[in-house]
Amino acid sequence: QVQLVESGGGLVQAGGSLRLSCAASGIIFRINAMGWYRQAPGQQRELVATITSDGRTNYADSVKGRFTISRDNAQNTVYLQMNSLRPEDTSVYYCNVGALVRGGWANSWGQGTQVTVSS
């Protein structure tokens, strides 16, 4: 089992910044990809950014140049630095981790953290 604890969401004005964190814990042998997704009310969950174990990143077109994903492998933590936030970035943000645990590979989701951007 992998436990994911997210933090860093909140309310910010348009143009502002927030930094999300997601720490993974449990008996983890290895973590592969880590990522952030978001889901607005009435919408499907969508990819925001992912990062592989060797640091390769992928971003949704809507956040390129504004958001930066990073990870600390020693701390099993993934971050999302969000700059130049827009009202349309308002959503619940979820972290996602693919980890090798005792039973094999497990895909785990965080509980979600609310990000609200006011205009």
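These are my notebook entries on the salt bridges and on Asn 32 in this predicted model.

**Entry 1: counting the bridges**

I began with a simple tally: how many salt bridges are there? The count comes to five. As a reminder to myself, side chains of opposite charge can pair when their charged atoms come close. I then picked out a set that shares residues, namely Arg 38, Glu 46, Arg 66 and Asp 89, which are linked in a network of salt bridges.

**Entry 2: Arg 38 and its partners**

I looked up Arg 38 and found a salt bridge to Glu 46, with N to O at 2.7 Å. Arg 38 also forms a salt bridge with Asp 89, and here the closest N and O atoms are 3.0 Å apart. I traced where that second pair sits: Arg 38 is in strand β4 (residues 30-39), while Asp 89 is in the loop between β8 (77-82) and β9 (91-101). The two residues are 51 apart, so I noted the pair as a link between distant parts of the chain.

**Entry 3: Arg 66 and Asp 89**

Next I followed Asp 89 to its other arginine. Arg 66 forms a salt bridge with Asp 89, the closest N and O atoms being 2.8 Å apart. Arg 66 lies in the loop between β6 (57-59) and β7 (67-72) and Asp 89 in the loop between β8 and β9, so this bridge ties together parts 23 residues apart in sequence.

**Entry 4: buried or exposed?**

I wanted to know how much of each network member is accessible. Asp 89 has a relative accessibility of 1% and counts as buried. Arg 38 is buried too, at 6%, and Arg 66 counts as buried at 8%. Glu 46 has a relative accessible area of 38%, so I wrote it down as partly exposed. The cut-off I kept in mind is that buried means under 20%.

**Entry 5: a look at Asn 32**

I stayed in strand β4, where Asn 32 is also found. Asn 32 is partly exposed, with a relative accessible area of 38%. Which residues is Asn 32 in contact with, leaving aside its neighbours within four places in sequence? I listed Ile 51, Thr 52, Ser 53, Arg 71, Gly 98 and Trp 105. I also checked Val 97, which is 65 residues from Asn 32 along the chain, and their C-alpha atoms are separated by 7.4 Å.

Key: Residues numbered from 1 in each chain as written. Predicted model: local features only at pLDDT ≥ 70, side-chain atom pairs only at ≥ 80, totals over all residues. Heavy atoms only, no water. Salt bridge = Lys/Arg side-chain N within 4 Å of Asp/Glu carboxyl O. Buried < 20%, exposed > 50% of the residue type's maximum accessible area, 1.4 Å probe, protein only. Helix = DSSP H or I, 4+ residues; strand = E, 2+ residues; numbered from the N terminus. Contact = heavy atoms within 4.5 Å.
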